[in-house]
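Student: Could you walk me through this model, starting with the ligand and then the backbone?
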Amino acid sequence: MILDGKALAARLKAEMAEQMPQIEKEYGRVPALAVIIVGENPASQTYVRNKVKACEVTGIRSLMISMPEDTSEEALLAKIDELNSDDSVDGILVQLPVPKHINEDKVINAISVDKDVDGFHPQNVARLWLNEPCILPCTPKGIMHLIEETGIQISGKKAVVVGRSNIVGKPIAKLLLDANATVTIAHSRTRDLAAVCREADILVAAVGRPEMITGDMIKPGAVVIDVGINRISVDTPEGPKNKLVGDVDFASAEPVASWITPVPGGVGPMTICELMGNAIECFKRRN
Ligand code: NDP
């Protein structure tokens, strides 16, 4: 069955929108999210547009801040500082990647931990690993929502996460561990990846390699979560066209899996939806 992230995200965002009049009544204003984009990376521009659109749908006030590609690190940090001190701003997001001359870690560190809607700040990361209340990173949080949506019991299941990045692989492994799965994290040095994947009742692919996980690497009946967003060029009668594919080869995986997320329309919309949830959470905590 298809795990429809687009539909689930739409439902959750509609629920947030419904709460908004009550929030405004209770707190005297709605949550506000500042979204900073530096440069003109087309993929980043699409992500930012979708985030601003989600703010409109949920009733969150968005502040879109576009800075030119040649913005200095100092100027970006000063902008973050200004937003940190602005009491009417509840969440700050800097769309990654930033241009190469800007140090990404410095940017993440500069965002006030109370306004860290992405959950990337070292203090939020530490809190996650120490089981303290924290802002969870959006993609792993969205993945957990998707798995819960299947109704399967996570406890006692074998989960394999392919990828060990700070933003997806590691935190989703931690959340699955917290849900009492037995978790394996695989990566580029893993030997016999296919055999490791075949053990998974829950398989999360966060690799960044188009259609790398094929049906023969999946245990029959497994839940397959495809985090990958890869833009590839395919030949069509009208000439080459860009296509979005995941890290999982959907055609061969779909008949083997019990549940599988499509790309697009799976994890992607959930990530944005959780961002809205985090903005509301930051707002409530700050108030
Ligand atoms: P990173 O590039 O940071 O990490 C990729 C991971 O995959 C690394 O840990 C790497 O291992 C591992 N890897 C690479 N090649 C192989 C291989 N051949 N076999 C096994 N493991 C391998 O990527 P991200 O985690 O940031 O993103 C992963 C994918 O998810 C990307 O396609 C990205 O676009 C997408 N994404 C989607 C989001 C969404 O909302 N849907 C949000 C964030 C990301 P090693 O550590 O050994 O190098």
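Tutor: We can take the ligand site, then a lysine, and then some backbone details, keeping in mind that this is a predicted model.

Student: Fine. Which residues come nearest to the ligand?
Tutor: There are 22 residues around the ligand, and those that come nearest are Arg164, Ser165, Ser188, Arg209 and Thr271.

Student: Which atom of the ligand lies 2.7 Å from a polar side-chain atom of Arg164?
Tutor: That partner is an oxygen atom of the ligand. An oxygen atom of the ligand is also found 2.5 Å from an N or O atom in the side chain of Ser188, whereas for Arg209 a polar side-chain atom lies 2.7 Å from a nitrogen atom of the ligand.

Student: And how much of the ligand does the protein bury?
Tutor: The protein buries 71% of the 920 Å² that the ligand exposes when taken alone. As for location, the ligand sits in the largest pocket.

Student: What's the make-up of the shell, and which helix gives the most to it?
Tutor: By residue class, the shell around the ligand holds 10 nonpolar, 10 polar and 2 charged residues, and helix α10, which covers residues 267-286, gives the most, with 3 residues.

Student: Changing topic: is Lys174 buried or exposed?
Tutor: Lys174, whose place is in helix α7 (residues 169-178), counts as buried because its relative accessible area is 4%, and the cut-off for buried is under 20%.

Student: What does its side chain reach, then?
Tutor: The side chain of Lys174 reaches the backbone oxygen of Leu128, at 3.3 Å.

Student: Now the backbone. Where are the cis peptide bonds?
Tutor: One cis bond runs from Leu96 to Pro97, with omega near 0 degrees, and Pro97 lies in the loop between β3 (91-94) and α4 (104-110). Another cis bond runs from Val263 to Pro264, again with omega near 0 degrees, and Pro264 has its place in the loop between β10 (259-260) and α10.

Student: What about phi of Asp192?
Tutor: Asp192 is a residue other than glycine with a positive phi, near 50 degrees, and Asp192 is placed in the loop between β5 (182-186) and α8 (193-198). Asp192 counts as exposed because its relative accessibility of 52% is over 50%.

Student: And how exposed is Glu211?
Tutor: Glu211 is partly exposed, with a relative accessible area of 31%. Although Glu211 is not a glycine, its phi is positive at about 50 degrees, and Glu211 is found in the loop between β6 (202-205) and β7 (223-226).

Definitions and conventions:
Residues numbered from 1 in each chain as written. Predicted model: local features only at pLDDT ≥ 70, side-chain atom pairs only at ≥ 80, totals over all residues. Heavy atoms only, no water. Near = heavy atom within 4 Å. Polar contact = N/O pair within 3.5 Å; in protein donor to acceptor, adjacent residues only side chain to side chain. Areas by Shrake-Rupley, 256 points an atom, 1.4 Å probe, with all protein chains shown as cover. 1 Å grid on protein atoms, 1.4 Å probe; cavity = no way out; pocket = protein on both sides within 12 Å on 5 of 7 lines; lining within 4 Å. Sits in = over half its atoms within 2 Å of the grid points. Helix = DSSP H or I, 4+ residues; strand = E, 2+ residues; numbered from the N terminus. Nonpolar A, V, L, I, M, F, W, Y, C, P; charged D, E, K, R; others polar. Buried < 20%, exposed > 50% of the residue type's maximum accessible area, 1.4 Å probe, protein only.
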